[in-house]
Structures are given as structure tokens and as C-alpha cells.
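Grab a coffee and work through these short exercises on one structure. Try each task yourself before reading the solution under it.

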Amino acid sequence: MALSYRMLNIAGAPAGLLGLEELFQELFDQDIRLEDASLDSRLLEGVRKHNYVPKSAITHYQQALRAAYGDYYRQKQGGKAVVARAYGTWRGYPREHIPWFPTISEALCTQCGACKDVCARPVFDWDENGKIWVAEPFLCLVGCCFCKSVCEPKALFFPGQELLKNYPEKM
Ligand code: SF4
Ligand code: SF4
């Protein structure tokens, strides 16, 4: 079975991680709580099974993973089912395989929120520090650039349309 795929905000930048839902489920089933001294190392070790974590970013990863596991743990304890998101396909390819989504230039972005307001999908969100980020890149409609046109400081970037030629319709 394919591993789940999910974006986390790691120190202000989106990072796509494989197998996070499975890891959280495993830790929860083993009753690993937020105050457990081994939590940080177990999260990191689990994530590294399927993802590359740069040494210089370990602390940021651990902070983001701890926060995400905290949310997961509280939802599960509250009896809510936590379901990994399915992004569907585009021209027959899993949507997560198509690198089409906006990237925000932190240097240019004024945090006006116009991109979030115009997008009909929950692609953008505010992070805990009140900064806009691309929370769900794979909900972005492949080929669309609408938000780019409303970004006055030109802080949004997309791949060129020619990228899409690499994905011919699958029979
Ligand atoms: S529209 Fe542009 S400047 Fe405004 S929040 Fe979005 S990316 Fe930042
Ligand atoms: S390109 Fe279109 S679908 Fe994608 S984030 Fe911008 S407005 Fe939303």
C-alpha cells in the first residue's frame, strides 16, 4: 500500500513527508504521549525511514513533528478519526507526483492575504506566527496561476507550463 503524503511547515518552508500518518498511528498505538522523553527521537527516526532530513534542520523538524503529533494525539484521544488526505490523480498520475503549486518568496511577500482570498481551495493558510504559507500544495489546480495575478509584489512563483508536457495523458 502506498505511504501517506503530507506537507509540514518546517521553519516557514513547506516540506512534503512520506509515511507521517503511519508513524503517528504507530506511536499512538504504543501509547507514546507528548511528555514521553523518547518522543522527539522516535519521531525523527520514524521520519528518516522514508524522508531525507538535513542535519542542519533537525531541531526545526523536531519542533514541527512534535506539534503535528500533538494535534494528531489530541484528535485521536477525542475519538476523532484522522484520515490521510487523498489528492487524486491528474492525467492518470498521482497528484503528488506533479510539482505544480505556488512558492512564496519570503523576501517579497507582504502578508496581505490576497492569494488566500482568491483561491477557491485551501492551498494557502496562516501559520502559528501569522505568516502565509503553502499548506496544501497538492490541492492546487494543475495549470492554474490565478493567485499569481493578484499578488502585487510578485511574490508567487510557479513552474513554467512546459513542465506539464512531461506528463502526457496515460492511456
Ligand atoms: S498575495 Fe502575495 S504578497 Fe499577498 S500574502 Fe499572498 S504571496 Fe504574500
Ligand atoms: S494556482 Fe489557482 S488553485 Fe493554485 S493556489 Fe493559486 S489560485 Fe489556488
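**Exercise 1.** Work out whether arginine 33 is buried or exposed, and find its salt-bridge partner.

*Solution.* Start with the area: arginine 33 has a relative accessible area of 37%, so it lands in the partly exposed class. The cut-offs are under 20% for buried and over 50% for exposed, with partly exposed in between (1.4 Å probe, protein chains only). Next, the partner: the side chain of arginine 33 meets that of aspartate 31 in a salt bridge, 3.0 Å from N to O. That term asks for a side-chain nitrogen of Lys or Arg within 4 Å of a carboxyl oxygen of Asp or Glu. Aspartate 31 is partly exposed too, at 40%.

A quick word on the ground rules: this is a predicted model, where local features need pLDDT of at least 70, side-chain atom pairs count only at pLDDT 80 or more, and totals for chains, interfaces and linings use all residues. Residues are numbered from 1 along each chain as its sequence is written, chains are lettered from A and ligands numbered from 1 in the order written, and side-chain values use heavy atoms, leaving out hydrogens and water.

**Exercise 2.** Take the salt bridge between arginine 6 and glutamate 21 and say which parts of the chain it links.

*Solution.* First, the distance is 3.2 Å, N to O. Then place the ends: arginine 6 sits in strand E1 (residues 5-10) and glutamate 21 in helix H1 (residues 20-29), 15 residues apart, so the pair links distant parts of the chain. Helices (H or I, at least four residues) and strands (E, at least two) are DSSP runs, numbered from the N terminus. Finally, arginine 6 is partly exposed at 23%, while glutamate 21 is buried at 13%.

**Exercise 3.** Explain how arginine 74 and aspartate 71 are placed in helix H3.

*Solution.* The two are three residues apart in helix H3 (residues 58-77), which means about one helical turn separates them. Their closest N and O atoms are 3.2 Å apart, making a salt bridge. Arginine 74 is partly exposed at 48%, and aspartate 71 likewise at 41%. A search of the whole structure finds five such bridges.

**Exercise 4.** Classify the residues around ligand 2.

*Solution.* List the shell, meaning residues with a heavy atom within 4 Å: among them are Pro102, Cys119, Cys140 and Phe158. Then sort: eleven nonpolar, no polar and no charged. Here Ala, Val, Leu, Ile, Met, Phe, Trp, Tyr, Cys and Pro count as nonpolar, Asp, Glu, Lys and Arg as charged, and the others, Gly among them, as polar.
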